[in-house]
Each structure stands twice: as structure tokens, then as C-alpha cells.
Amino acid sequence: MEGNRRVYPANRPAGKWLSYLMLFLSAVIVLSGLVWRGDGDGVTIALSPTQTPVPTAEVFDETLEEREITLPGSTWYALQLGAFENENAAQELAQQYAMRGAAGYVWYDGRYRTLAAVYPTRDDAQYVRTQLAQEHTVDSYLFQIDLPAIRVRMSGMRGQLDIWEAAFAQANALASGLQSLSVSIDRQELSVEEALAGVQALGQEADTVSLRLKQRFAEPRHASVEGLMACFSDYAAFLDTVSRNDSAVEMSTRLKRQTLRTLELIQAVYDGLSTTEEG
């Protein structure tokens, strides 16, 4: 990671990120209202965690039903540059590496972990880790991020359950799409403008899903709905920080950082559902 030189996973087919975009750009998502029980929970979650695309229109099916939904699990592998008890130390290290094209993201799970990037497979992460050690004498460790598979039994309007399920798929598509875009720009397979177009396309889909969640779930919303909306809102704020005037290093750094940020927000929603299950 010396100067502007970057390392990335072994070569894979270019344009992989397009598959994530195509899946969700072609999907239609249904919308609107909510029936709450007296306890304030309109969607009953009694955990007993694949998503399929659902149709998009402003009208949604209000038929009441109970459904068991499976949220598939996934595991990500981040390159950890250091772990600290003190946040300032973690942030200082993060800033040093962000200047070299790494994410420079601080992840807190009881310790402050400075992360450089994240990958969907152990092999990809290990490949980059080896490059860092051999070519740049940078020591790193693999930090595993788990999103456990969860079965959720829910009751509510059919259109509510559809959009809730689709929102999880969209949140995971954000993380996958961002990660793929960051690798493609590092390999110079995409220009900054092309990467920006991909980021904006993901944002348009996220905005649509977020709007549907807001329309279909009246306050007080279940914590999982609020968590998903926070994930999409955070992504909208991220879009304001990227520009076609960014250098390739700057764009790649932003994409790596936002991938980790999105995963952290998704994990918080999964953790909340797991807690509900245990309770």
C-alpha cells in the first residue's frame, strides 16, 4: 500500500457487480400501510432465519397472513490492521491507511478494530493479506463478520411482508455491489465515472425500498424496519460524499469504507432479530 499502489483479489471476471444491479434493477417492489396490534408491534416476529424478487407498484396486497421468512446467512472476511481498547488509536491508524487507498474503517465490537477492506470469501481476503505482507511488509489479520441465517415467523399484510423481505435482499445487495465496485476500480476495470454510475444505481433502488418501508409501516415501527431504513438513509448520505471529481484512490477508499459501514448496519439488524429469538 505504498503511495498509490493498491492490492486486490486475484483476477476474476470483470463486471461481476452488474449481476447484483441487474437482479434488483429488474425487481419490482410492492408498497403501503400497516395494522398494529395493541402492543405497538404491527409485525409479529416470533423467531422459529431466500429471498426472491417481488413485483413494484404503489398498490400492495392488504391480505392478512402469517409467513415464515428465511433470511440467508453470509460470512465476510475483513483485513484487520490493528485492534485497540482506545478509539483514538484506532482512528489514527485508520487515517494513515485511508490515505493509501484502504478503507480506514473503525469497527467496534467491544474493541476498536481498524479495517482495510472486506471480501466475500476467505480466499480473496487471504490473497490480499499475502500481497500486503510480501510486497508492502504490512501485517494484517482476518476478522470474520457473520450474518447468521435466521428463520422469522411474521404476521401482517402480505405487501408488508413482501417489502420487509425485499428490503433485506436490497441491503445485502448494497454491500455486495459496493464491494465488487471497489475491486473493479482498483483493477482499473472501471473508471471513476462508471463506478459512480453503479453506486447511484444502487442508491436509486435503495431509495425506492426505503420509501415503501416508510409507507407500509406506520410508527411505531418494529426495530428491524427502523434498522433497514437507517441502512438506506446512511447510503443516501454516502452518495452525497462521492463525486466524479474523486480520484480512483479516493473513490475506492470511499467504496471500501461504505461497504463496511453497510455491513455493520445490517449486522445490527440481524443481531436484533437474534436477540428477539433468544428472548
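## Tyr235 and Phe238 in helix α6

Tyr235 and Phe238 are both buried in this predicted model. They sit three residues apart in helix α6 (residues 223-239), which puts about one helical turn between them. An α-helix has 3.6 residues a turn, so residues three or four places apart point the same way.

Other buried residues of α6 include Ser224, Val225, Gly227, Leu228, Met229, Cys231, Phe232 and Asp234. The span of α6 agrees with expectation: at 1.5 Å a residue, its 17 residues should cover 24 Å, and the end C-alpha atoms are 25 Å apart.

## Aromatic pairs

How many aromatic pairs does the count come to? The count is five. In one pair, the ring centres of Trp164 and Phe168 are 4.7 Å apart and the planes meet at 65 degrees, so this pair is edge-to-face; the cut-off for that class is over 60 degrees. The rings of Tyr235 and Phe238 have centres 5.4 Å apart and planes at 50 degrees, so that pair is tilted.

## Trp164 and Phe168 in helix α4

Trp164 and Phe168 belong to helix α4 (residues 158-186). Four residues separate them, about one turn of the helix. Are these residues buried or exposed? Both Trp164 and Phe168 are buried.

Tyr270 joins them: Trp164, Phe168 and Tyr270 make up one aromatic cluster.

## A charge over a ring

Tyr97 has a charged partner. Arg100 lies over the face of the Tyr97 ring, 4.8 Å from the ring centre.

Key
Residues are numbered from 1 along each chain as its sequence is written. This is a predicted model: local features need pLDDT of at least 70, side-chain atom pairs count only at pLDDT 80 or more; totals for chains, interfaces and linings use all residues. Side-chain values use heavy atoms; hydrogens and water are left out. Rings of Phe, Tyr and Trp (its six-membered ring) pair if their centres lie within 6.5 Å; planes under 30 degrees apart count as stacked, over 60 as edge-to-face and the rest as tilted. Helices (H or I, at least four residues) and strands (E, at least two) are DSSP runs, numbered from the N terminus. Buried means under 20% relative accessible area, exposed over 50%, partly exposed in between (1.4 Å probe, protein chains only). A charge sits over a ring if NZ of Lys or CZ of Arg is within 6 Å of the ring centre and within 35 degrees of the ring normal. The expected span of a helix is 1.5 Å times one less than its number of residues.
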